[in-house]
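Before setting up any calculation on a protein, it helps to read the model slowly, from the whole chain down to single residues. The questions below are meant to be worked through with the structure open.

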Amino acid sequence: MVPSFPSECPFQIGFTPLTRFFVQMNGMTHELAVKEERFNEFGSIKDRVAWYVWSHSMNSADPKRAIIDASSGNYGYALARIGERLGIPVTIVSSPSISHFNADGIRSAGARLVIAEAQEGESSNGARMRVAGEIAEAEDSLFLDQYRSPLNPAAHQNWTAPELLSGGGIDACFVAASSGGTARGFADYISNSGSDTELVLVEPFGSCAFVEADKGMAGGLCIPGYGSGRSSTFSDMTTKPEVLRVCEADVLAAYTAFRESDFPALGLSSLGVVVGALEWLSHADTPKRVACVCADGDERYSDEFEERYLPKVDSDVYSKALERLTALLPLIQPVHEETLSAVAR
Ligand SMILES: Cc1ncc(COP(=O)(O)O)c(C=O)c1O
């Protein structure tokens, strides 16, 4: 079933390419498909959520009322661009960790960017939500509240997930745990549609979005939109999802290794998801077809890779991962067909 929602979207969001690779492992040939959300009009998977939440919230609101929301960056950038196109003022509350790319993009779209500092014992995600709520109340703007709104997972349940999975034939689907919108939307789609695809969440050891952080590892997260220091508002699911841990050093090593190859130029959380899928395939005992939901592209990280991200991870762990992933690269070969869409336009 092709979702009806995207046909109402006035921007080039959705129907992103699915780029396929063969992966040779343990004498088997697996297929790994990469859902390239970087090709959405504003460059990330959060374009879908921004438009979905915005359009569903505006129906019942004054159409000229200013919009405010909290974001780690990508969602805020998409909201700012939508506000620019529709002529509506937007305020984004983010954290000091926001990338230069997104901070500059939000401002150049004419939106206001507020940086929320976390208080003692507060996660950066919690600080953004708190400050956005306070400003919304003081200024009487419309707080979309993506981290609590059911419209956030609904965007994926009704749009991203059916676009990727409705054709069937995918054994496992990998997404970043992050703040939980994508994860919950995919989980709800899978359980409500009777899909037999297994959902696997990928996150670093210190993240606690859906299950507790590994012992003694809580916090210390540096990659935006990958793990979370706050239990997800959307984590209340009947079945606990499978969680696969991939440390941030491995993700940065993947960035360096894959940069030299023909692999798509993916962002950091996306590479975490791909490394998780490769790890999962290394334990498979029959050939599998897997899909990775890849949130954004490398342009959001490349200018800050050396000075912002690399110094935050253990250099020995990084070097060993780089060696391992470089050796893996020749085993990943493109499927020689033109890039396919999951569903026909
Ligand atoms: C880089 C990146 N990856 C993944 C995600 C997905 O996060 P979520 O599923 O919590 O919306 C985001 C969201 O901001 C992101 O910025």
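The questions and answers that follow concern a predicted model.

Q: What radius of gyration does the chain have, and why does it agree with a compact globule?
A: The chain has 345 residues, and a compact globule with that number of residues would have a radius of gyration near 20 Å. The C-alpha trace spans about 60 × 45 × 40 Å along its principal axes. The value found for the chain agrees with the globule estimate, because it is 19 Å.

Q: What percentage of the contacts in the chain with a separation of 6 or more is accounted for by residues 24 or more positions apart?
A: The chain contains 10 helices and 12 strands, and buried residues make up 50% of its 345 residues. Of the contacts with a separation of 6 or more, the share that comes from residues 24 or more positions apart is 73%.

Q: How far apart are the C-alpha centres of domain 1 and domain 2?
A: The domain assignment divides the chain into domain 1, which covers 5–44 + 150–329, and domain 2, which covers 46–143. Across their boundary, 28 residues of domain 1 are in contact with 23 residues of domain 2. The distance between the C-alpha centres of the two domains is 24 Å.

Q: Which helix gives the most to the side of domain 1 that touches domain 2?
A: On the side of domain 1 that touches domain 2, 28 residues are in contact with 23 residues of the other domain. By class, this side of domain 1 divides into 11 nonpolar, 10 polar and seven charged residues. The element that gives the most to it, with six residues, spans residues 151–165 and is helix 5.

Q: Where does the ligand shell lie with respect to domain 1 and domain 2?
A: The shell around the ligand has 19 residues, of which S178, G181, T182, G225 and A295 come nearest. Its make-up by class is six nonpolar, 11 polar and two charged residues. Since domain 1 and domain 2 both give residues to this shell, its place is between them.

Q: Which helix gives the most residues to the shell around the ligand?
A: Two helices, helix 2 (74–86) and helix 6 (181–193), each supply at least two residues of the shell. The one that gives the most, with three residues, is helix 6.

Q: Which strands stand at the edges of the open sheet with the order 5-4-3-6?
A: This open sheet is formed by four strands in parallel pairing. Strand 4 (residues 90–94) is joined to strand 5 by four bridges, and I92 has L113 in strand 5 as its bridge partner. An edge strand has a single partner strand, so one side of it is left without a neighbour in the sheet, and this holds for strand 5 (112–115) and strand 6 (142–143).

Q: How many residues of strand 8 are buried?
A: Strand 8 (residues 198–203) runs parallel to strand 7 (residues 172–176), and five bridges join the two. Within this pairing, the bridge partner of V175 is L201 in strand 8. Strand 8 is largely enclosed by the rest of the structure, because the number of its six residues that are buried is five.

Q: Which residue takes a positive phi in the hairpin of strand 1 and strand 2?
A: Strand 1 (residues 17–25) and strand 2 (residues 28–36) pair in the antiparallel sense over eight bridges, with T19 opposite V34 in strand 2. Two residues lie between the strands of this hairpin, and the residue with a positive phi near 50 degrees is N26.

Q: Is C292 buried or exposed?
A: C292 lies in strand 10, which pairs with strand 2 in the parallel sense over six bridges. Leaving aside residues up to four places away in sequence, C292 touches L32, V34, K35, F174, V273, V274 and A277. With 30 other C-beta atoms within 10 Å, where 20 or more are required, C292 counts as buried.

Q: What distance separates the C-alpha atoms of E299 and F101?
A: E299 is found in the loop between strand 10 (289–294) and helix 9 (305–309), and with 13 other C-beta atoms within 10 Å it is partly exposed. E299 and F101 are 198 residues apart along the chain, while the separation of their C-alpha atoms is 7.8 Å.

Methods
Residues numbered from 1 in each chain as written. Predicted model: local features only at pLDDT ≥ 70, side-chain atom pairs only at ≥ 80, totals over all residues. Rg over C-alpha atoms; globule rule 2.2 N^0.38 Å. Buried ≥ 20, exposed ≤ 12 C-beta atoms within 10 Å, placed from the backbone. Contact = placed C-beta atoms within 7 Å. Near = placed C-beta within 6 Å. Nonpolar A, V, L, I, M, F, W, Y, C, P; charged D, E, K, R; others polar. Domains from an automatic or database assignment. Pairing = 2+ DSSP bridges.
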